[in-house]
Amino acid sequence: MTKKTNDIKYIMSQQNGRRITKEDVIFGINKRAGEMIKEKGAENVVNGTIGALLDDDGELMVLSSVDGAFRSLSPKEYAAYAPIGGTPEFRSAAIRAALKGFKPKTARIRAVSTPGGTGSLRNVIVNYSCPGDKLLTTDWHWSPYNTIAEEHGRSFTTFKLFDEAKKFNVEALKSKANELLEKQNQLIIFINTPAQNPTGYSLTNEDWEKTVEYLNTVPADKKVTLLVDTAYIDFAGDEDEYRSFLPYLEQVPPNVLPVLAFSMSKTFTLYGLRCGAMICFAASEAVADEFVSVCEYSSRGAWSNSPRAGQEIIARIFADPRLLEKVTEERKEIRDMLLARAKAFEDEAKRAGLNILPFDGGFFISVPCKDPVAAGRELEKEGIFIVPLAMGLRVSIASISEEKCKMIPERILAAITKTREDK
Ligand code: PLP
């Protein structure tokens with residue numbers, strides 16, 4: 001039987017409540033950017049769609065120290081299966097990479113390997129919510145959150161990330177979470193910080209204080225899993241300073257379980273190796289042991305074991321203090337380059353009068369606007385490719401040069417103004 005939904009015919013496959021589009025929006029725009037580059041030359045095109053750090057010539061930046069570690073792996077190290085939850089050396093290296101100098105006072109910390117940060121998000125959803133549940137995140141968020149939830153028969157509802165004063169809207173978080181907890185006994189909250197995708201916002205310690213204050217009011221018969229998506233944690237600024245929120249994760253009651261989704265994709269420029277870890281801050285040994293066993297079981301039923309090569313690389317880096325120092329230094333260099341691009345964009349946006357959302361760090365800056373699709377289309381005509389989201393445009397400063405970061409705010413403003421006037 002042929003089913004027709006959103007102009008898509010399901011011939012042999014089943015829709016199963018999902019909204020499956022023919023082409024991923026970002027990959028579609030990226031393809032058009034590639035075509036224009038072929039036609040007009042890279043210098044005449046701005047491809048601000050890609051979520052990876054590229055140099056000024058549009059080439060992927062890979063930390064040479066990490067590349068060296070990769071090339072030194074023996075066949076057994078990359079070709080053998082890894083244990084389902086990760087090699088023991090990787091698990092402890094992942095905890096060191098995620099927590100750095102932070103030493104937990106009370107929380108039981110455990111790590112389970114996952115294919116990228118994405119695997120951690122999936123495992124949290126499957127194991128800490130029930131089919132049909134509503135999950136909670138911010139209105140500005142990474143859209144694959146919805147895909148992952150839908151794949152497992154869950155869906156997200158959102159709260160406003162910013163209040164009128166453009167500050168973290170803890171009141172909105174409280175009221176949405178309370179509303180959901182009236183209907184469900186368990187709730188997962190996703191917060192992407194520091195350096196959120198797509199806004200670049202990082203929760204301040206004051207934001208954390210208020211969030212933890214709220215979490216302490218969750219009724220004892222309800223369960224909350226707080227997923228902190230730290231995909232961009234090492235691209236916000238000083239790596240220790242941006243981990244100063246970690247102690248807050250120990251200040252929650254036992255019915256709240258914080259979990260970090262830690263991605264090696266950006267931190268070690270290993271996007272394609274699919275390496276990551278989920279790390280729990282459990283209130284008891286029992287909750288920590290359960291975390292490991294349910295996540296390993298669930299991994300077995302999804303991807304079995306995660307790729308071994310990335311795990312071996314991370315373990316090797318953390319076993320060699322000089323190599324670790326080199327990786328950290330190299331990462332600082334590329335982060336400084338990224339943050340210089342961000343500053344160029346912000347300064348120029350300010351000068352031009354372009355309203356951007358509060359940016360703190362990371363790969364993306366967002367510009368709120370009424371008709372992002374129309375503004376995006378207008379910009380494409382001029383060779384500027386950025387991503388229209390539901391409430392604005394997302395610019396990947398990770399993938400364009402400082403010079404282009406300086407050049408585009410005025411053009412974005414002109415496109416937004418023109419599409420507003422066209423209405
Ligand atoms: N979370 C956010 C906000 C992201 O932007 C990404 C990647 O772009 C991820 C998680 C997952 O990263 P990966 O699965 O590639 O490690």
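Begin by selecting Glu 380, which lies in helix H13, the run of residues 372-381; the model on screen is a predicted one, and the stops below should be read with that in mind. Colour the residue by its relative accessibility: Glu 380 counts as buried because its value is 14%, where the cut-off for buried is under 20%. Next, show what surrounds this side chain. Once its neighbours within four places in sequence are left aside, Glu 380 is in contact with Ile 29, Arg 32, Met 36 and Phe 385.

From there, move to the small group of strands in this part of the chain. Select strand E11 (364-368) and strand E13 (387-388), which are the edge strands of an open sheet of three strands, each pairing on one side only. The order across the sheet is E11-E14-E13, and the pairing is antiparallel. Adding strand E14, residues 392-396, lets you follow its antiparallel pairing with E13, which runs over two bridges. For a single position to centre on, pick Val 387, which stands opposite Arg 394 in E14.

Now zoom out and colour the protein by its division into domain 1, which is made of 25-62 and 326-421, and domain 2, which covers 66-322. The contact between them takes 31 residues from domain 1 and 27 residues from domain 2. If you place a marker at the C-alpha centre of each domain, the two markers will lie 27 Å apart.

With both domains still coloured, display the largest pocket, whose volume is about 1,600 Å³. Its lining comprises 47 residues, and those closest to the pocket centre are Asp 24, Ile 26, Trp 142, Ser 143 and Pro 144, a useful set to show as sticks. The domain colouring remains informative here, since the lining draws at least three residues from each of domain 1 and domain 2.

To see which elements build the lining, select helix H1 (25-40), helix H5 (116-128), helix H6 (144-151), helix H9 (264-267) and strand E13, each of which supplies at least two of its residues. The largest share, five residues, comes from H6, while E13 is the edge strand already visited in the sheet. As a last step, recolour the lining of the largest pocket by residue class, which divides it into 21 nonpolar, 16 polar and ten charged residues.

Technical notes:
Residues numbered from 1 in each chain as written. Predicted model: local features only at pLDDT ≥ 70, side-chain atom pairs only at ≥ 80, totals over all residues. Heavy atoms only, no water. Pairing = 2+ DSSP bridges. Helix = DSSP H or I, 4+ residues; strand = E, 2+ residues; numbered from the N terminus. 1 Å grid on protein atoms, 1.4 Å probe; cavity = no way out; pocket = protein on both sides within 12 Å on 5 of 7 lines; lining within 4 Å. Points joined across faces, edges and corners; volume = space filled by probe spheres on them. Nonpolar A, V, L, I, M, F, W, Y, C, P; charged D, E, K, R; others polar. Domains from an automatic or database assignment. Buried < 20%, exposed > 50% of the residue type's maximum accessible area, 1.4 Å probe, protein only. Contact = heavy atoms within 4.5 Å.
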